[in-house]
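Reader: I'd like to learn how to read a pocket and the ligand in it. Can you walk me through one?

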Amino acid sequence: MERPTWAPGEVDLERPSAARVYDYYLGGYHNLAVDREFAEQAMLAMPELPLIMRTNRAFLRRSVRHLVSRGIRQFLDLGSGIPTVGNVHEIAQGAAPEARVVYVDKDPVAVAHSQVMLEANDNAAVLLADMRDVESVLASAPVAQLIDTDEPVGVLMFAVLHFVDSDELARATVRAYMDAVPSGSYLVVSHGTHEYVGERGKQVERLYTRTDNPFFPRNQAQVSRLAEGLELVEPGVVHLPSWHPDSPEEVEDHPERSSTYAMVARKP
Ligand SMILES: C[S@@+](CC[C@H](N)C(=O)[O-])C[C@H]1O[C@@H](n2cnc3c(N)ncnc32)[C@H](O)[C@@H]1O
């Protein structure tokens, strides 16, 4: 297949990418035929996937606003994805213009598009990196320029930890970031679960082994343990729509079907 102008040379055109499949679920244009076919196949097992992704973006919006209201002015967005409507810097700087954001993703399409989006923004930057390599991320130029580790930081991990294959590594990764930031910093996580969808979820899980990012859903107890040593913000570890909904209708909108846990925790 012909390489689209927006796809950097290192992109494998024959292999679905979790970042581009997610872009397709959200109605974006930075995806390839191989991603769209993959997404349609996954939607045969779980037709609610696009709804889940939109619900995840709504949690991103609410939780970033919440952190700004608690005084957070700098954000590290790990596994930030291909830019879409309502990116973290737009939400944070919309509420506090001085807010600073570093985006980190290992997907070249996500990073290339973030670079274009951020060209005129001195308070936001993007880094191409594997977020599990915490030392490199923290030592990088964008983090050095934009994140002051003497001040509280919002460490954002939306829909990314379920691509880390072991509980131990997921916990160690979270801990390493939270160890590097001061008291009063926050961790925000959204994390896929198959507790409510059983075999349908297993089918999707099997499909994702074909992508560059196999999927490792976790249950509520496993997700809670990711925040060990931190103070959970009320209402704790809940399904996406139940975390500080903008309206009661949101909660009734199939809480189980979000198939994703949400949590915000503060470093004491
Ligand atoms: C499902 S998307 C979520 C995007 C965004 N955080 C959101 O919730 O809307 C997951 C993103 O995480 C990225 N990702 C997965 N594993 C990663 C890793 N180890 N390091 C950096 N990025 C990673 C993927 O490339 C993809 O862009």
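Author: Sure, pockets first. On a 1 Å grid over the protein atoms alone, a pocket is an open set of points where a 1.4 Å probe fits, with protein on both sides within 12 Å along at least five of seven lines; its lining residues have an atom within 4 Å of a point. A molecule sits in a pocket if more than half of its atoms lie within 2 Å of its grid points. Here, the ligand takes the space of the largest pocket. This is a predicted model, where local features need pLDDT of at least 70 and side-chain atom pairs pLDDT 80 or more, while totals for chains, interfaces and linings use all residues. Residues are numbered from 1 along each chain, and side-chain values use heavy atoms, without hydrogens and water.

Reader: Which residues surround the ligand, and which are closest?

Author: Being near means having a heavy atom within 4 Å of the molecule. The ligand has 19 residues around it, with Tyr22, Arg57, Gly79, Asp105 and Met131 the closest.

Reader: Where are the polar atoms close to the ligand's nitrogen and oxygen atoms?

Author: A polar contact is a pair of N or O atoms within 3.5 Å. A side-chain N or O atom of Asn56 is 2.8 Å from a ligand oxygen. For ligand nitrogen, a polar backbone atom of Gly79 is at 2.7 Å, and a backbone N or O atom of Phe158 is at 2.9 Å.

Reader: What gives the most to the lining of the largest pocket?

Author: Helix H3 does, with six residues.

Conventions:
A polar contact is a pair of N or O atoms within 3.5 Å; within protein, one must be able to donate a hydrogen and the other to accept it, and residues adjacent in sequence count only if both atoms are side-chain atoms. Helices (H or I, at least four residues) and strands (E, at least two) are DSSP runs, numbered from the N terminus.
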